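Reader: I would love a close look at a single part of this model, with its surroundings added afterwards. Could you take me through one strand and then work outwards?

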Amino acid sequence: LDTSNSTSKNKFPDYFKFGAATASYQVEGAWNEDGKGENIWDHITHTNPTYVENEDNGDVACDSYHKYKEDVAMLKDLGVDYYRFSISWSRILPYGVTGSPVNKLGIEYYRNLTQELLDNGIEPMVTLFHWDTPEPLQELGGWPNPEMEEHYAYYARIVFEQLGDLVKIWMTFNEPKQTCLEGYGKGVKAPAFTTTGMADYKCTHTLIKSHAKAYHIYDEEFKAKQGGRVGMVIDTVWFEPASGSEKDAEAAERAIQFTYGWYGNPIILGNYPQVMIDRIDERSKQQGFAQSRLPKFSEEEVDYIKGTYDFVALNMYTANYAEWKEETDISDVGYDSDLNVHLFMDDSWEESASSWLRVVPWGLRKTVNWLSKTYNNPEIFITENGVSDRGGIDDPQRINFYREYLSNLVDAIVEDGVNVTRYTAWSLMDNFEWGSGYSEKFGLYSVDFSSPERTRTKKASADYYSQVISTRCLVDSCENNLCADNRK
Ligand SMILES: O=S(=O)(O)CCCN1CCN(CCO[C@@H]2O[C@H](CO)[C@@H](O)[C@H](O)[C@H]2O)CC1
């Protein structure tokens, strides 16, 4: 990795790109406008309003469906190189299923948004799926149903055809663990099923095959003409051994294999992590299952799935300590007992507005080093990183968060030689934070959800992030940044 053009420890290489991110259900609104079909988040918030804090929902959200030009103006003001957003499957295919009619107005919205970005010198970076499964597909069984593979392939091909002339970086899925483990295993995300230890593994199996099929469709039918790249966004927290013991080190490695490796290993190395296969096979047998609860890839599937990535993408926010645990309740069928590691956070780590998120900047450097070591130093995009608060446009905690995490990231690049080439702030603006509704705010811009205009207001952290982007340096404060060569 040539970082010779970085003249100081705190300076990002000139090729490095900065962006900001959102996702369709979290910002668009217009939940049933212009032909859009119902998705599982529309469904769960309408049929079970108390599922989300304050009975919030994404019916209007930030109203980006109508206000996308304002969003692009904000991105322009920030000075980002790219904008990561996601496409609502049910806006393109209201019925979801293979062969169902395309909603032209849905295509038009995404072409308008993408063209607006390009007209403003901002590169679009598009996620095909950010948790908003069309409800009709869920009612046909959703992701545990192997049929989803052909429905997803049908959707992906249409999007590549209709937007591939404008979009060159595609991400098939955002954080599939949330869809599968939290959505079908633990009930904390839609569709809120709780058959962990079975449905989460079936969901993942279908999803990984769907990803591989979309990757090959792009590779065989579009890449030559469009010249784009395809990857999958996978999230993990950093797992730090709770002590220097061998057992805790093994526990930490097992934990990241069960989170990032669950998806990263199949698409990069070809199969599930060996530790997942071994543990789930053994526990399934002891529990009296005729076959493992972890589905198997056949030899040809392994070959088909292996190498289906053009970059490695990481969403990382925080860390956990990982402590080895005695094998206890063999009878419990569930992901957590298959993993069997005690995970906890350090009370000394600074809190945020999200219970699962404490500020642990050094965890980012460790995570990208782990990716580099595990997957043979691939090109890495940070596709989400950010912190939540309860609101306000003077947000020093968010400024400190970005400075500390970016400082660790530039050290990983300049000192450790990790090949990270992009960094994406989550999020451009406050938005619908899933089960927490609008109570937890991650934006560089605030949004007034009590006004029909959904007024956007720049926060102090937006000015900070703009400074970093324009100077490529971590600024201590606006007048004196940490890079001597950049001092005016
Ligand atoms: O509540 S519990 O403790 O029972 C379980 C929570 C654990 N989840 C929470 C969020 N998530 C990663 C972040 O999720 C990501 O980051 C953003 C901020 O959350 C979201 O808005 C994005 O849509 C998502 O991509 C992964 C882990």
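Which residues of strand 7 (residues 312-315) lie on one side and which on the other, and are they buried or exposed?

Author: Happy to. A word on the ground rules: this is a predicted model, in which local features need pLDDT of at least 70 and side-chain atom pairs count only at pLDDT 80 or more, while totals for chains, interfaces and linings use all residues. Residues are numbered from 1 along each chain as its sequence is written, and side-chain values use heavy atoms, with hydrogens and water left out.

Now to your strand. Val 312 and Leu 314 are on one side of strand 7, Ala 313 and Asn 315 are on the other, and all are buried, so both faces are covered. Buried here means under 20% relative accessible area, exposed means over 50%, and partly exposed lies in between (1.4 Å probe, protein chains only). Strands are DSSP runs of E with at least two residues, helices are runs of H or I with at least four, and both are numbered from the N terminus. The two-sided arrangement recalls a general pattern: in a regular strand the side chains alternate between the two faces of the sheet.

Next come the neighbours. Two strands count as paired if DSSP finds at least two bridges between them. Strand 7 pairs with strand 5 (residues 229-235) in the parallel sense over 3 bridges, and Asp 235 stands opposite Asn 315. Strand 7 is also joined to strand 12, again running parallel, by 4 bridges. In that pairing, Leu 314 has Ile 382 as its bridge partner. Ile 382 then leads one strand further, as its bridge partner in strand 13 is Tyr 423. Strand 12 (residues 380-384) and strand 13 (residues 420-426) run parallel and are joined by 3 bridges.

Step back, and these pairings belong to a closed ring. The 8 strands of the barrel follow the order 1-2-3-4-5-7-12-13, with parallel pairing. From one strand to the next the twist averages 25°, taken between lines fitted to C-alpha atoms, with angles running from 0 to 180 degrees between N-to-C directions (for helices, the fit covers the stretch in contact).

Asp 235, which stands opposite Asn 315, also takes us to a helix. The side chains of Asp 235 and Gln 178 are joined by a polar contact of 2.9 Å. Such a contact is a pair of N or O atoms within 3.5 Å; within protein, one must be able to donate a hydrogen and the other to accept it, and residues adjacent in sequence count only if both atoms are side-chain atoms. Gln 178 sits in helix 8 (residues 176-184) and counts as buried because its relative accessible area is 6%. Leaving out residues up to four places away in sequence, Gln 178 touches Trp 131, Gly 183, Lys 189 and Asp 235, where contact means heavy atoms within 4.5 Å.

After helix 8, the loop to helix 9 holds Pro 191. The peptide bond from Ala 190 to Pro 191 is cis, with omega near 5°. A second cis bond, with omega near 15°, runs from Trp 426 to Ser 427, and Ser 427 lies in the loop between strand 13 and strand 14 (445-447). For context, most peptide bonds are trans.

Trp 426 also faces the ligand: one of its polar side-chain atoms lies 3.4 Å from a ligand oxygen atom. Trp 434 has a polar side-chain atom 2.9 Å from an oxygen atom of the ligand, and Glu 182 has one 3.1 Å from a ligand nitrogen atom. In total 16 residues surround the ligand, the closest being Gln 26, His 130, Glu 384, Glu 433 and Trp 434; a residue is counted if one of its heavy atoms lies within 4 Å.

Finally, the packing. A nonpolar core is a set of buried Ala, Val, Leu, Ile, Met, Phe, Trp, Tyr and Cys residues joined through side-chain atoms within 4.5 Å. The largest has 143 residues, and Trp 41, Trp 143, Tyr 152, Trp 170, Val 368 and Leu 409 have the most contacts inside it. Helix 9 (residues 199-226) gives the most to this core, with 11 residues. A second, separate core of 8 residues includes Ile 169, Val 233, Phe 311 and Phe 381.
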